[in-house]
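User: Please take a close look at one part of this model. Keep the sentences short, and show me how that part fits with the rest.

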Amino acid sequence: MSAKTSESGTRAGGRRGGLAGAMTPARITVLVLAVLALIFIFENTGETEIRLLIPLVTMPLWLALLAVGLIGALFGAFFMRRRR
């Protein structure tokens, strides 16, 4: 049995369902920051040299930035999971 809706399309209790209910200001902020980070990463197309302890690796800067971003996301997800 589903919750009854009013004339304005909101569910009983004032909650909205679907995409409108999922788009909170915090989620919109995170989405905008993720898009800006991807734009920043893919705009930096020059070559860079990275020293990995001993070897010197040459790779595109966007790939190095993307790798660091993914490592940061993994650490963030790990610590948020441990927090619960």
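Analyst: A strand here is a DSSP run of E with at least two residues, and a helix is a run of H or I with at least four; both are numbered from the N terminus. With that in hand, start at Leu53. This residue sits in the loop between strand S1 (47-51) and S2. Its phi is near 60°, which is a positive value in a residue other than glycine. Is Leu53 buried or exposed? Leu53 has a relative accessible area of 84%, and over 50% counts as exposed, so Leu53 is exposed.

Now place that loop in the whole chain. The model is predicted. The chain holds 3 helices and 2 strands. Read from the N terminus, the order is α-α-β-β-α. How far can you trust it? The chain averages a pLDDT of 80, and 76% of the residues score at least 70. Strand S2 (residues 56-60) has the highest confidence, at 90. Helix H1 (residues 18-22) has the lowest, at a mean of 72. Keep one rule in mind: where pLDDT is low, predicted coordinates should not be read in detail.

Next, go to the two helices H2 and H3. Helix H2 covers residues 25-43. Helix H3 covers residues 61-83. To describe two packed helices, give the angle between their axes and the distance between the axes. For H2 and H3, the angle is about 145° and the axes are 7 Å apart. Which residues make the contact? From H2 come Phe40, Ile41 and Phe42; from H3 come Trp62, Leu65 and Leu66. By type, the contact residues of H2 with H3 divide into 6 nonpolar, no polar and no charged.

Look at some residues of these helices one by one. Phe40 is in helix H2. Its relative accessibility is 51%; the cut-off for exposed is over 50%, so Phe40 counts as exposed. Phe40 and Leu65 are 25 residues apart along the chain, and their C-alpha atoms are separated by 8.9 Å. Glu43 also belongs to helix H2. Glu43 counts as exposed too, at 61% relative accessibility. Between the C-alpha atoms of Glu43 and Trp62 the separation is 7.3 Å, for residues 19 apart along the chain. On the other helix, Ala67 lies in H3. Ala67 is partly exposed because its relative accessible area is 37%, which falls between 20% and 50%. The C-alpha atoms of Ala67 and Ile41 are separated by 10.0 Å, with their positions 26 residues apart along the chain.

Stay with H3 and follow its rings. How many aromatic pairs does a search of the whole structure find? It finds 3. One of them joins Phe75 and Phe79, and this pair is stacked: 6.4 Å centre to centre, with 20° between the planes. Both residues lie in helix H3, 4 residues apart, about one turn of the helix. Phe78 and Phe79 form another pair, and this one is edge-to-face: 5.3 Å centre to centre, with 70° between the planes. Ring pairs thus link Phe75, Phe78 and Phe79 into a cluster. Are these rings covered? Phe79 is partly exposed, with a relative accessible area of 47%. Phe78 is partly exposed as well, at 42%.

Last, step back to the whole chain. Buried residues make up 4% of its 84 residues. The accessible surface comes to about 7500 Å². Of that surface, 67% belongs to carbon and sulfur atoms. What share of the contacts with a separation of 6 or more comes from residues 24 or more positions apart? The share is 8%.

Key:
Residues are numbered from 1 along each chain as its sequence is written. This is a predicted model: local features need pLDDT of at least 70, side-chain atom pairs count only at pLDDT 80 or more; totals for chains, interfaces and linings use all residues. Side-chain values use heavy atoms; hydrogens and water are left out. Buried means under 20% relative accessible area, exposed over 50%, partly exposed in between (1.4 Å probe, protein chains only). Rings of Phe, Tyr and Trp (its six-membered ring) pair if their centres lie within 6.5 Å; planes under 30 degrees apart count as stacked, over 60 as edge-to-face and the rest as tilted. Contact means heavy atoms within 4.5 Å. Accessible areas come from the Shrake-Rupley method with a 1.4 Å probe; for residues, only the protein chains shown count as cover. Axes are lines fitted to C-alpha atoms, for helices over the stretch in contact, and angles run from 0 to 180 degrees between N-to-C directions. Ala, Val, Leu, Ile, Met, Phe, Trp, Tyr, Cys and Pro count as nonpolar, Asp, Glu, Lys and Arg as charged, and the others, Gly among them, as polar. pLDDT is the predictor's confidence in each residue, from 0 to 100.
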